[in-house]
Amino acid sequence: MIWRVRGRDWDLARRGAIMGILNVTPDSFSDGGSYLSVDAAVSHALEMVDAGTEIIDIGGESTRPGSEPVDADEELRRTIPVIQALRGQTTAHLSIDTSKAIVAREALAAGADIVNDVTGLRGDPEMASVCADSRAGVVIMHMQGTPRTMQSAPHYSDVVADVREFFRHSLEQAVSSGIDPMSIALDPGIGFGKTFDHNRTLLRSLPEFGTFGRPLLIGVSRKSFLGAIAGSNDMADRFWPGVALTSFCRERGARILRVHDVQPHREALRMTEAIVGDA
């Protein structure tokens with residue numbers, strides 16, 4: 001279970017990784033506007049590093065349901081100064097959460113190590129070549145539709161089979177574009193064009209995606225389906241269900257957990273690894 005990032009092999013077989021979320025946006029669904037200044041963003045990122053995150057995922061465009069896209073110049077303005085400032089202060093991996101090739105290129109030049117693309121490299125025809133040339137780690141995520149439309153009426157004949165076929169095709173396309181297959185991680189896109197039942201089915205079926213031999217990344221932190229399970233619309237009530245799912249997802253084969261609250265998720269991850277024998 002090796003993830004190759006910028007030419008270096010990261011062994012995730014025994015110890016999974018926490019990816020801490022850093023949204024430098026005014027409109028993300030749970031923390032929009034909290035880290036708009038470079039100082040606030042850097043301070044929060046370093047707090048997450050101190051809490052044990054191995055990856056900081058920096059996003060300058062909200063992908064919440066119903067969100068509208070922002071132009072590349074604005075996304076660059078929000079993200080690049082943060083990446084530049086962080087690169088001089090931490091050895092943690094820096095990830096750029098973007099679907100735009102120009103943003104990925106500039107972020108990688110500024111010191112990012114990973115490209116996390118919610119469109120699965122489909123949103124920009126230049127993205128695959130940017131990833132291949134840089135030898136960045138690459139997260140290919142499944143999404144039905146776009147953030148603006150994805151929750152309108154998501155439908156699948158078989159959500160697990162459809163996501164598996166998407167991964168198969170995406171891996172073939174990425175490798176044919178020159179991307180090292182060892183640099184790729186896969187994300188089934190919980191909450192991205194999925195109903196509650198789709199999300200639940202995918203989480204139950206995580207071992208089926210392990211057949212690709214690539215690390216699985218799961219992001220469930222603070223998402224609305226957690227509130228549905230908890231029977232509450234209060235954001236605070238999504239916290240412990242999310243921590244529980246970190247443990248569940250690790251036991252079912254996930255190796256990278258994308259979260260807002262680093263320390264409790266890290267503790268759940270390490271405890272699960274100790275129990276299942278991978279620590």
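**Exercise 1. Work out what the side chain of S232 reaches, and whether S232 is buried or exposed.**

Solution. Start with the polar contact, meaning a pair of N or O atoms within 3.5 Å, where within protein one must be able to donate a hydrogen and the other to accept it, and residues adjacent in sequence count only if both atoms are side-chain atoms. The side chain of S232 reaches the backbone nitrogen of D234 at 3.0 Å. This is a predicted model, so local features need pLDDT of at least 70 and side-chain atom pairs count only at pLDDT 80 or more, while totals for chains, interfaces and linings use all residues. Residues are numbered from 1 along each chain as its sequence is written, and side-chain values use heavy atoms, with hydrogens and water left out.

Next, place the residue: S232 sits in the loop between helix 7 and helix 8. Helices (H or I, at least four residues) and strands (E, at least two) are DSSP runs, numbered from the N terminus. With a relative accessible area of 18%, S232 is buried; the cut-offs are under 20% for buried, over 50% for exposed and partly exposed in between (1.4 Å probe, protein chains only).

Last, list the contacts (heavy atoms within 4.5 Å). Not counting residues up to four places away in sequence, S232 touches G227 and D237.

**Exercise 2. Check the span of helix 8, then find which residues of helix 8 are buried.**

Solution. Begin with the length. The expected span is 1.5 Å times one less than the number of residues. For the 13 residues of helix 8 (residues 239-251) that gives 18 Å, and the end C-alpha atoms are 19 Å apart, which agrees.

Now the burial: G242, V243, L245, T246, C249 and R250 are the buried residues of helix 8. Looking down the axis of helix 8, these fall within an arc of 160°, so they line one face of the helix. The arc is that of the directions from the helix axis to the C-beta atoms. As background, an α-helix has 3.6 residues a turn, so residues three or four places apart point the same way.

What do the buried residues of helix 8 pack against? Their partners include helix 6 (196-204), helix 7 (224-230) and helix 9 (262-276). Just past the end of helix 8, G253 takes a positive phi of about 120°.

**Exercise 3. Run the span check on helix 9 and say what covers its buried residues.**

Solution. The 15 residues of helix 9 should span 21 Å, and the end C-alpha atoms are 21 Å apart, which agrees. Buried here are V262, H265, A268, L269, R270, T272 and E273. Their cover includes strand 3 (17-23), helix 1 (38-51), helix 8 and strand 10. Just after helix 9, G277 has a positive phi of about 95°.

**Exercise 4. Compare the surroundings of C131 and S134.**

Solution. Take C131 in helix 4 (residues 127-134). C131 is buried, at 1% relative accessible area. Leaving aside neighbours within four places in sequence, C131 is in contact with V115, L121, A136, V138 and I179.

Then go to S134, which also lies in helix 4. S134 counts as buried at 14% relative accessibility. With neighbours within four places left out, S134 is in contact with R6 and L108. Closer along the chain, a polar atom of the S134 side chain lies 3.0 Å from the backbone oxygen of V130.
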